[in-house]
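Q: I've got a structure open and a few things to ask. Can we go through it piece by piece?

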Amino acid sequence: MSNEFLPLCRPAIDEQDISAVADVLRSGWITTGPKSAELEESILRHTGAQHAVSLSSATAGMHLVLLALGIGPGDEVITPSMTWVSTVNMITLLGAKPVFVDVDADNLMTNATLIEPLITERTKLIIPVHYAGASLDLDAIYDLGERYKIPVVEDAAHALGCEYKGRPIGKTGTCLFSLHAIKNVTTAEGGIFTTQDAELAARIRRLKFHGLGVDAFDRETQGRAPQAEVIEPGYKYNMPDICAVLALGQMKRIDEITQKRGELALHYRDLLTAVGGITPLSIPSYEHRHCWHLMIIRVDPLIYGLNRDQLIARLKECGIGAGIHFKACHTQKYYRENYAEKFGEITKPLTNTEHNSEQICSLPLFPDMNFSDVERVVAAISEIVGNK
Ligand SMILES: *Cc1c(COP(=O)(O)O)cnc(C)c1O
């Protein structure tokens, strides 16, 4: 058995991707330009969305879409606590109240039934999260949004390559994809906003670059359009071409990448059925194509007297990287200590969120792994829990 460190994640970058980055470095234009435009086009082709805007991160995109929708003090935004902190931070920084919705006990996704009772007069937006590579049950969530006239922005950070009822995520609605280094397709740091709303897309494009009506790079003439001026004050959230180019090859291989991740995940799931007390997330029964972003298990501390944190520490001793996606936002220091004072008591219960927040553990999953790596991880887990 190899003792070489097996990380939680390794980006799916090949030699061609590396030379493509070198070509951009040699080209004389390294920031936002033709490559980020190409990446936007590739996302449009893949998802079938009407508009795509490349950004420095999904978090930046979340900030901009909240601004564009006019979210501010007095407003409520419904989102799970079982999410990456960026969404909750952005809502809070804008002075609005993050209203935490619980998630399904086994697939960690929220749904219309959990969201509906939290809707008030002040609810301005719903941000559900496609989790771990599975799709949300979008139809019911959009029906709810339409009934109450509340917009929905999908956190699709995990969902590039995922489909719901035969449609790629992004083909409908408004989505934020992340291209952070851990994600299925990466630009190191980066995000993509997609929408069917031309006006919203134009606003996000403007806000991401100083509030100018144009990108720095004129796509035809390689020069700043001389008439560019501030239409409204904006931010500096554009994606450089040295990043964008990295994802172009991955986008060409995305079906292959998704396929390989799925084969590895299914091998994990097969082998793990023999290990009691270790439960992978469930796969939703509605029609969807999973893109296997994360291989998450739950560690039941009552079975072996071993908790999740101990398992992670022991795996690390075996040269295996593991992680937590995620520690529930409302249990993190700032929100624990300040939420009630700022926003009032948290609406409970968040039973499934809290239970999973304690037990979830993400195992190594990336396309360059092979079956023997999966077998090594499962053997290590069996040995660790068997020795307890
Ligand atoms: C990664 C992630 C984000 C943020 O993406 P960045 O590109 O790093 O800003 C948001 N939500 C979820 C669920 C994520 O996993």
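Q: Let's start at the ligand. Which residue has a backbone N or O atom 2.9 Å from an oxygen atom of the ligand?
A: That is Ala 58. Keep in mind that this is a predicted model.

Q: How much of the ligand's accessible area does the protein cover?
A: On its own, the ligand has 390 Å² of accessible area, and the protein covers 92% of that.

Q: Which side chain has an N or O atom 2.7 Å from a nitrogen atom of the ligand?
A: The side chain of Asp 155.

Q: And which side chain has an N or O atom 2.7 Å from an oxygen atom of the ligand?
A: Ser 178. So the ligand's nitrogen contact goes to Asp 155, and Ser 178 takes an oxygen.

Q: Which residues come nearest to the ligand?
A: Five of the 15 around the ligand: Thr 59, Asp 155, His 158, Ser 178 and Lys 183.

Q: How does the shell divide into nonpolar, polar and charged?
A: Eight residues of the shell are polar, five are nonpolar and two are charged.

Q: Where does the ligand sit?
A: In the largest pocket.

Q: Switching to the backbone. Which residues does the cis peptide bond with omega of about 5° at Phe 326 join?
A: His 325 and Phe 326.

Q: Where is Phe 326 placed?
A: In the loop between α11, residues 308-317, and α12, residues 333-343.

Q: What about the bond from Lys 348 to Pro 349, cis or trans?
A: Cis, with omega near 5°. Pro 349 is in the loop between α12 and α13, and α13 covers 351-359.

Q: Now phi. What value does Lys 149 have?
A: Near 55°. That is a positive phi in a residue other than glycine.

Q: Where does Lys 149 lie?
A: In the loop that runs between α6 (138-148) and β5 (154-155).

Q: Is Lys 149 buried or exposed?
A: Exposed, because its relative accessible area is 72% and the cut-off for exposed is over 50%.

Q: And what is phi at His 210?
A: Near 65°, again a positive value in a non-glycine residue. His 210 lies in the loop between α7 (198-207) and α8 (241-252).

Q: Why does His 210 count as partly exposed?
A: Because its relative accessibility is 34%. Partly exposed is the range between under 20% and over 50%.

Q: On to Thr 47. Which helix is it found in?
A: Helix α2, residues 34-47.

Q: Buried or exposed?
A: Thr 47 is buried, since its relative accessibility is 1% and buried means under 20%.

Q: What does the Thr 47 side chain reach at 2.7 Å?
A: The backbone oxygen of Ile 43. The Thr 47 side chain also reaches the backbone nitrogen of Ala 49, at 3.1 Å.

Q: Next, His 288. Where does it lie?
A: In strand β11, which is residues 288-289.

Q: Why is His 288 buried?
A: Because its relative accessible area is 18%, and the buried class is under 20%.

Q: Which backbone oxygen lies 3.0 Å from a polar atom of the His 288 side chain?
A: The backbone oxygen of Tyr 286.

Q: Let's do some pairs separated in sequence. How far is Pro 11 from Asn 184, C-alpha to C-alpha?
A: 7.6 Å, with their positions 173 residues apart along the chain. Pro 11 lies in the segment before α1 (15-27). Pro 11 is partly exposed, at 32% relative accessible area.

Q: And how far apart are His 355 and Ala 105 in space?
A: 8.2 Å between C-alpha atoms, at 250 residues apart in sequence. His 355 is placed in helix α13. His 355 counts as partly exposed, at 43% relative accessibility.

Q: Last one, Asp 270. What is its C-alpha distance to Thr 195?
A: 38 Å, and the two are 75 residues apart in sequence. Asp 270 lies in helix α9, residues 254-272.

Q: Is Asp 270 buried or exposed?
A: Exposed, because its relative accessible area is 55% and exposed means over 50%.

How values were computed: Residues are numbered from 1 along each chain as its sequence is written. This is a predicted model: local features need pLDDT of at least 70, side-chain atom pairs count only at pLDDT 80 or more; totals for chains, interfaces and linings use all residues. Side-chain values use heavy atoms; hydrogens and water are left out. A residue is near a molecule or strand if one of its heavy atoms lies within 4 Å of it. A polar contact is a pair of N or O atoms within 3.5 Å; within protein, one must be able to donate a hydrogen and the other to accept it, and residues adjacent in sequence count only if both atoms are side-chain atoms. Accessible areas come from the Shrake-Rupley method with a 1.4 Å probe; for residues, only the protein chains shown count as cover. On a 1 Å grid over the protein atoms alone, a cavity is a set of points where a 1.4 Å probe fits but cannot get out, and a pocket is an open set with protein on both sides within 12 Å along at least five of seven lines; lining residues have an atom within 4 Å of a point. A molecule sits in a cavity or pocket if more than half of its atoms lie within 2 Å of its grid points. Ala, Val, Leu, Ile, Met, Phe, Trp, Tyr, Cys and Pro count as nonpolar, Asp, Glu, Lys and Arg as charged, and the others, Gly among them, as polar. Helices (H or I, at least four residues) and strands (E, at least two) are DSSP runs, numbered from the N terminus. Buried means under 20% relative accessible area, exposed over 50%, partly exposed in between (1.4 Å probe, protein chains only).
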